Amino acid sequence: MKREQPFFKKPLDRRTFFKHGLRLSVLGLLAFMFTRRDNLKIETVPLAFPNLPPAFNDYRIVQISDLHAGFWVGADYLRRVVDRVNQLDKDLVVVTGDIITGAVNDFWKRWLPVSNRDYTAMVARVLGNLKTGHKLAVLGNHDQWHGLETEQRLVTELEKVGIQFMRNTSLPIARGNDALHIAGIDDVWFSHDLPRALKKIPPGGFKILLSHSPDIMSAVNKKMRIDLTISGHTHGGQVAIPYLTHHFMPIDNPARYMAGLVKEDHGYTYVNRGIGTLVFPVRLGAPPEITRFRLFNAKTQPLGNKAATT
Ligand SMILES: [Fe+2]
């Protein structure tokens, strides 16, 4: 009769037990982080401004950012994002950069040997299903990193499906005699020009700035009177470990601009945690986000504690 083999060849000593336990825990954590990478959250951000033109009371802007269409972020997930955006009541959709993942250097080109051309076409096909009137976008560092040819192809493909790029320029949105002004800049590591973007806005105009990176705030001064800056770039840390992650963030002031709403001397900055992932397809403590801003006139709409006020 055949003798049964023991499960472990050697008796399990304490060291081996902890070694196996540690490996299993790391694998379990990675699996958890992998499954959380597309656990979309809708964040509603009500804001009250004393100077919001009355015709724009309860104006709604939906923001998506850092899609990072690429090797790890495919059409199925992005279609789900577009479906969620389409279900929200809104007046405007803004896409704040890093729409594709640009191959940063030869290391990534070697390990992710796929064409940026595919991602650009794919993301244009998916974003073409966004249903709303105005759709505005700005470029992020990844959109500009891969060179002028990729950058221009991305702009052309998205403009074909009705998404207007704000490249160091502004756009008035009118309702009767009232107007608000949306300015947008190229990425701060590349061809941004904030003074040019603001040039055509009348001095007292209500201003919203689209900037992929919150680093633009070091160039914004009180005199510019920007009421709301809408940004992304940080992914909220992506793997947000307290006291650790902010040391690796590619921004000037991670303690202030890691994620969420920041009160400025004049107005607010909002930093969206993004949709996609970069480098590894994992997230922890920083779920992917669709943001829905509701803008109110503080004088005509008493909101109590529901909205932050300037
Ligand atoms: Fe990004």
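**Salt bridges and the iron site**

Trainee: With which residue does D89 form a salt bridge, and how far apart are the closest N and O atoms?

Mentor: D89 forms a salt bridge (a side-chain nitrogen of Lys or Arg within 4 Å of a carboxyl oxygen of Asp or Glu) with R60. The model is predicted: local features need pLDDT of at least 70, side-chain atom pairs count only at pLDDT 80 or more, and totals for chains, interfaces and linings use all residues. Residues are numbered from 1 along each chain as its sequence is written, and side-chain values use heavy atoms, leaving out hydrogens and water. In the pair of D89 and R60, the closest N and O atoms are 3.4 Å apart.

Trainee: Is R60 buried or exposed?

Mentor: R60 belongs to strand β2 (residues 59–64); helices (H or I, at least four residues) and strands (E, at least two) are DSSP runs numbered from the N terminus. Buried means under 20% relative accessible area, exposed over 50% and partly exposed in between, with a 1.4 Å probe and protein chains only. Because its relative accessible area is 16%, R60 is buried.

Trainee: Which residues are linked with R60 in a network of salt bridges?

Mentor: A search of the whole structure finds 13 salt bridges. The network that includes R60 also links D58, D89 and R294.

Trainee: How many residues apart in sequence are the parts that R175 and D91 tie together?

Mentor: The side chains of R175 and D91 meet in a salt bridge, 3.1 Å from N to O. R175 lies in strand β6 (residues 169–175) and D91 in the loop between α2 and β3, so the pair ties together parts whose separation in sequence is 84 residues.

Trainee: Which residues donate to the iron ion?

Mentor: Donors are N, O and S atoms within 2.8 Å of the metal (3.2 Å for Na, K and Ca); water is not among the atoms, so sites may look incomplete. The protein donors of the iron ion lie 2.1 to 2.3 Å from it, and along the chain they follow the spacing D-x1-H-x29-D-x136-H. They are D66 (OD), H68 (NE2), D98 (OD) and H235 (NE2).

Trainee: Why does the pair D98 and H235 tie together distant parts of the sequence, and what is their separation?

Mentor: D98 lies in the loop between β3 (92–96) and α3 (106–111) and H235 in the loop between β9 (228–231) and α8 (254–257), so the parts they join are far along the chain from one another. D98 is buried at 1% relative accessibility, and H235 is buried at 4%. The separation in sequence is 137 residues.
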